Amino acid sequence: MTPARLVRRAGAPDPDLAALRAEVRGFLRRQIDAGAFRPGIDTWLRGWDPEFSRALAERGWVGMTIPVEYGGPGRTFVERFVVTEELLAAGAPVAAHWIADRQAAPSLLRYGTEEQKRWFLPEIARGEICWAIGMSEPETGSDLASVRTSAEQVEDGWILNGTKLWTSGAQHADAFFVLARSSPLDPGDRHGGLSQFIVLMNSPGIRIRPIISMSGEHHFNEVLLDEVFVPEELVLGTVGDGWAQVASELGFERSGPERFLSTFGLLAAAAERVDDGTLPADGRIGAAAGRAFALHHMSRAVSEALERGEDAEVAAAVVKVLGTRAEGDIVDLFDEMCDEGAVDVEFAELIRSGVMQRPGFTLRGGTTEILRGVVARGLGLR
């Protein structure tokens, strides 16, 4: 039996993409040498630096797939993939623009009105607006069909009431997408009656409660919506089609390289030490590098599929579930090596320092069970 191919194999190396990669790598090297940022891990979630985001935007490296007519550079998904890979591998602080670039921009391009596109897309491309995503809710886990945030239609708009949980960066955000129930739940069609809204974070009735992690960090939040008015012109897409829109949005979220590159700094530092002889060669490091190499090709193949306008939902889910496992395994590997005394004191300090501390991958949006379900349905196993 021939295995099913989720997307076409990644294309051959492209000299133009290699030149772009070298350009980004050189820029980042200069930024690090100048002290503009200190490399870290999980920086797409934790590395909040609006000034750095604006510097990237000036070079056309934020909102890269936004067309020129909406203030963007009009680049391809594959070019964006190259830039984001280099940013993540270098541990650059990209959180201030990440969600706006990764999810808000493509969703607005696909579902937004002309007014919404001209309002928000130029600001995203300039790195001037921060975005958040309001999907998960208390006591619902990853079952988005059970959301209880309500949207009641009133004159000239909608009134939203409810609570969103694990909303990354909400304390900094200017706007966020909110998935809400706009018509009563139909037990026979739990995915029906959901709609998406663009909610400005300075709207009356919004309260943000920080969720502090065990390491003392604050990037997750609980967002409470109490009689929040959303004007009709800020409905995203079609009322009642929120589920399909969110599924599309999650495809962009799952397809990126951030899952397997979040802890790449640890792996790269170890490889450098093996190369210069200060760290003994260890087959586990080679295995982790091989997995990163494979995930790179898988993620690039998804980006190429998106560029062709193909459905890449299942392949993106595979990249996310394997990448999430890989990033955790890398941290666990080096924890083990520290405990075994297999690393020098300097490298052990690097691993356990504030720069290379354990990332927040234990609370990633979505569960592996949900992702496996997406893959199974895509392969016709369910």
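A residue counts as buried when its relative accessible area is under 20%, as exposed when that area is over 50%, and as partly exposed in between. The exercises below apply this definition to a predicted model.

**Exercise 1. Describe the protein chain as a whole.**

Solution.
Step 1. Begin with the secondary structure: the protein chain has 13 helices and eight strands.
Step 2. Turn to burial. The chain has 382 residues, and 53% of them count as buried.
Step 3. Consider the surface. The accessible surface of the protein chain is about 17100 Å², and carbon and sulfur atoms hold 53% of that area.
Step 4. Examine the contacts. Of the contacts in the protein chain with a separation of 6 or more, 75% are between residues 24 or more positions apart.

**Exercise 2. Classify Glu86 and Arg25 by burial, and state which parts of the chain their side chains connect.**

Solution.
Step 1. Glu86 has a relative accessibility of 7%, so this residue counts as buried.
Step 2. For Arg25 the relative accessible area is 48%, and Arg25 is therefore partly exposed.
Step 3. The two side chains form a salt bridge, with an N to O distance of 2.7 Å. Arg25 belongs to helix H1 (residues 15-33) and Glu86 to helix H4 (residues 77-89), so the pair ties together parts that lie 61 residues apart in sequence.
Step 4. Extend the view to shared partners: Arg21, Arg25, Glu85 and Glu86 are joined into one network by salt bridges. In total, the structure holds 14 salt bridges.

**Exercise 3. Locate the salt bridge between Glu217 and Arg46, and relate Arg46 to strand E7.**

Solution.
Step 1. The side chains of Glu217 and Arg46 meet in a salt bridge at 3.1 Å, N to O. Glu217 is in the loop between strand E6 (206-212) and E7, while Arg46 is in helix H2 (residues 43-46), so this pair ties together parts 171 residues apart in sequence.
Step 2. Both Glu217 and Arg46 are buried.
Step 3. Phe220 lies in strand E7. With a relative accessibility of 6%, Phe220 counts as buried.
Step 4. Phe220 and Arg46 are 174 residues apart along the chain, and their C-alpha atoms are separated by 9.9 Å.

**Exercise 4. Identify the members of the patch of negative charge, and place Glu233 in the structure.**

Solution.
Step 1. The patch of negative charge on the surface is formed by Glu115, Glu155, Asp156, Glu232 and Glu233.
Step 2. Glu233 occupies the loop between strand E7 (218-231) and strand E8 (235-236).
Step 3. The relative accessibility of Glu233 is 39%, so Glu233 counts as partly exposed.

**Exercise 5. Determine where Gly240 lies and which residues it touches.**

Solution.
Step 1. Gly240 is in the loop between E8 and helix H7 (242-255).
Step 2. Its relative accessible area is 25%, and Gly240 is therefore partly exposed.
Step 3. Leaving aside residues up to four places away in sequence, Gly240 touches Ser182, Gly193, Leu194 and Ser195.
Step 4. Gly193 is 47 residues from Gly240 in sequence, yet their C-alpha atoms are 4.6 Å apart in space.

**Exercise 6. Examine the backbone angle phi at Trp166 and Glu227.**

Solution.
Step 1. Recall the general pattern: most residues other than glycine have a negative phi.
Step 2. Trp166 is not a glycine, but it has a positive phi of about 60°. Trp166 is located in the loop between strand E3 (157-164) and strand E4 (175-181). Its relative accessibility is 36%, so Trp166 counts as partly exposed.
Step 3. Glu227 also has a positive phi, near 55°. Glu227 is placed in strand E7.

**Exercise 7. Describe the surroundings of Leu267.**

Solution.
Step 1. Leu267 is part of helix H9 (residues 264-275).
Step 2. The relative accessible area of Leu267 is 5%, and the residue is therefore buried.
Step 3. When residues up to four places away in sequence are not counted, Leu267 touches Ile285, Ala288, Ala289, Ala292, Ile330 and Phe334.
Step 4. Leu267 and Gly286 are 19 residues apart along the chain, with their C-alpha atoms separated by 9.4 Å.

Note on methods: Residues numbered from 1 in each chain as written. Predicted model: local features only at pLDDT ≥ 70, side-chain atom pairs only at ≥ 80, totals over all residues. Heavy atoms only, no water. Helix = DSSP H or I, 4+ residues; strand = E, 2+ residues; numbered from the N terminus. Buried < 20%, exposed > 50% of the residue type's maximum accessible area, 1.4 Å probe, protein only. Contact = heavy atoms within 4.5 Å. Areas by Shrake-Rupley, 256 points an atom, 1.4 Å probe, with all protein chains shown as cover. Patch = residues over 30% accessible without salt bridge, like charges linked within 9 Å, V, L, I, M, F, W, Y side chains within 5 Å. Salt bridge = Lys/Arg side-chain N within 4 Å of Asp/Glu carboxyl O. Lys, Arg positive; Asp, Glu negative; His and termini not counted. Charge placed at Lys NZ, Arg CZ, Asp CG, Glu CD.
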